[in-house]
Amino acid sequence: MPETAGFIVEPKKGSTTMTDLTIRPFEIHVPDEHLAELQRRIAATRQPSKETVADRSQGVQLTTIQALVTHWGTGYDWRTCEAKLNALPQFTTEIDGLGIHFIHVKSQHGNALPLIITHGWPGSVLEMLEVVGPLTDPAAHGGRADDAFDLVLPSLPGYGFSDQPTEVGWDPVRTARAWAEVMHRLGYTRYVAQGGDVGAAVTDTMAIQAPDGLAGIHLNFLRRPPPDVTAALFGGAPVPEGLTEEERAAFAAFGAQFRKVYITEQGQSPQTIGYSLTDSPAGLAAWMLDHDTAATTRSHAPSPAGSPPAA
Amino acid sequence: MSTGTAGMSADPAVRPFHVDIAEEAVADLRRRIPAWRPPEREPVDDQSQGVQLATVRDLANYWTTEYDWRRCEAKLNAIPQFTTEIDGLDVHFIHVRSSRQNALPLIVSHGWPGSIIEQLKIIEPLTNPTQHGGAASDAFDVVIPSLPGYGFSGKPAAAGWGPDRIARAWAVLMQRLGYTRYVAQGGDWGTAISAALARQAPAGLLGIHVNFAQMVPPGVLGHIRNGDPAPADLSAAEKRAYDQVAFATYHRGYGVIQGTRPQTIGYSLADTPVGLAAWLLDHDTGSYEHLAQLFAGHSFGAITRDDWLDNTSLYWFTNTPTSAARLYWEQAITGRNFYAAADLLLPAAVTVFPEEYVHAPHSWTEKAYHNLIYFHEAEKGGHFAAWEQPQLFSEELRAAFRTLR
């Protein structure tokens, strides 16, 4: 929602010769009327009937959403979040035709190692706020001065305060190239990268691209199993022999990940689900809560015009 | 979960039913539609990312400015409707008797994303055939129930209402209406329910007609399940069906979601009418293209914009998107494949409509329905055949059931 963020989205010229290298300071201020509108929508939430099971096997349970919506409508204060964000140095810069938002916190320690951390779905830069202090000011958080990092936390294209692409093609490969440009534009000649979830995809892609200055990466989600395992997972090849117990568990988890429902829907029809998620705060909240559960690992059989991949 | 006690302790009363949605609910919908917050436009020029923004804008605009729910209500209330409790659940149904003696009783089951609204246009041609190009001897008495969790039927509070249990309820319903000889019909979920009914073979059921054949042979299903290439020995028609079933199996996001997380998507669909409308548009690519054209001002057979929004509004007012979606979950937990060969002994008739998303080949169909009494490829029509081509559809039913009368 760039317009609610209070900065102007320039029309895209689509010309690389016009590239604007400017880095602009950024602050978030959602207008009062938008907050009132959200409150109005939350208060007007219409609920579905309760799930017909006693567990989460049909999805997020009604009591959970009722509790969430009640808190969102009565106890929650967005301005607190806004103040927390605006206490950090934030910027935008246009890369590859798209406005990229990022938090940039320099350590006070000399020789801090520059680090770019990429969030995932259903997250945003908000996932990373609690690591800003420990990483940039390690001495105050049980570390040593020479553990210090300069921190860059970008919003993925289409997420948070970065622009929403109006054309296809912003895959991890293109995002990884943009991140190298962010670090270059910030003047970093030696840096590292980190990520989990979608951030892991961007980060390991950066490592493959190996831009000048990238010294290494850290992942908290491994997404590139060996080729024979990949073939078994996605191509129907036989399960490789000789897997250890730990590897077999990882194989099963990868399979479950592949079957994950939100990947299917967001991978096939992001626009269709989009009409609901943009119009219903409670629906959006439920969708984001249902990131990972064991429920979809069970075998499911096809139904009319749709079915999960066989387990 | 009840096990086959349908009707044993139920209140056998059949009560007349009238639709009367509260004015505040109608006003609330009128407020919500124009207040919708659209997402940004899809970054592609086709339907590859789902329902396109221009179509949803057209629909929302028409829904706000032209559409009148009370017109739908009047149309429904002009038709005899009833409810009766079966197996602990209120079942709503339309029941229109033909004025002809010896009319053949017929129970028609709708599917998703439909409702009884899909079937309204076939009531007249089926009950009053002489006014619609048929013979007096073609007449049917028509029973059109709302599936459990759909429309004006009750929403199950506990799991267990899959096609088998629904079929048992239908047999109770026909018995309660005093029918001792009858036939059943359906496409989409209606085909699964009609097939379940035929497998149960309750006293009085003579046979079924389906406009969606469940016909994929077991060996071929294995290939689809494993994502393997089609077996080499398939005919051209079989190869086409293979590709269509494989696509439907892996590339319909809504089916996966409703099969696994109906509750999660339910919070959205209960809360946003425009989100619900988009969700119901995205059934199969062929139907979607027609519906997008419909809301752009073109025609889609007999289906009008008002018809489509009658159905969408019915889902909204009854707040049934979630309970309807749970039918996919009920099917999924059985582990049975929807497209698997029906394996039926009772007389069965099949019509293949050319734009159906799976085009059933005769070779597979005759093996799936062991007593195939009728097989015909209709001239035109797609997934919503009864709605889109009511005259053709009615003619198919007359021809299909002629030998069972």
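A helix axis here is a line fitted to C-alpha atoms over the stretch in contact, and angles are taken between N-to-C directions. Keep that in mind for the second half of the tour. One more thing before you click: this is a predicted model.

**Stop 1: chain A as a whole.** Select chain A and colour it by secondary structure: you should find 11 helices and 7 strands. Of its 311 residues, 47% are buried. Switch to a surface view, and you're looking at about 15000 Å² of exposed area, with carbon and sulfur atoms supplying 57% of it. Among contacts between residues at least 6 apart in sequence, 68% join residues at least 24 apart.

**Stop 2: helix H3 of chain A.** Now select residues 78–86 of chain A, and show the side chains of Trp78(A), Cys81(A), Glu82(A) and Leu85(A), which are buried. Look down the axis of H3(A): these buried residues fall within an arc of 100 degrees, so they line one face of the helix. An α-helix has 3.6 residues a turn, so residues three or four places apart point the same way. What do the buried residues of H3(A) pack against? Add helix H1 (32–43), strand E2 (90–95), strand E3 (98–105) and helix H4 (129–136) of chain A to see those partners.

**Stop 3: two helices in chain B.** Hop over to chain B and pick helix H9 (253–260) and helix H14 (321–334); their axes sit 6 Å apart at an angle of about 75 degrees. Angles of 65 to 115 degrees count as roughly perpendicular, and H9(B) and H14(B) are therefore roughly perpendicular to each other. On the H9(B) side, show Tyr254(B), Gly255(B), Gln258(B), Gly259(B) and Thr260(B); on the H14(B) side, show Ala325(B), Tyr328(B), Trp329(B) and Ala332(B). Colour this contact by residue type: 5 are nonpolar, 4 polar and none charged.

Conventions. Residues numbered from 1 in each chain as written. Chains lettered and ligands numbered in written order. Predicted model: local features only at pLDDT ≥ 70, side-chain atom pairs only at ≥ 80, totals over all residues. Heavy atoms only, no water. Axes fitted to C-alpha atoms, helices over the stretch in contact; angles between N-to-C directions. Helix = DSSP H or I, 4+ residues; strand = E, 2+ residues; numbered from the N terminus. Parallel < 35°, antiparallel > 145°, perpendicular 65-115°, else oblique. Contact = heavy atoms within 4.5 Å. Nonpolar A, V, L, I, M, F, W, Y, C, P; charged D, E, K, R; others polar. Buried < 20%, exposed > 50% of the residue type's maximum accessible area, 1.4 Å probe, protein only. Areas by Shrake-Rupley, 256 points an atom, 1.4 Å probe, with all protein chains shown as cover. Arc of directions from axis to C-beta.
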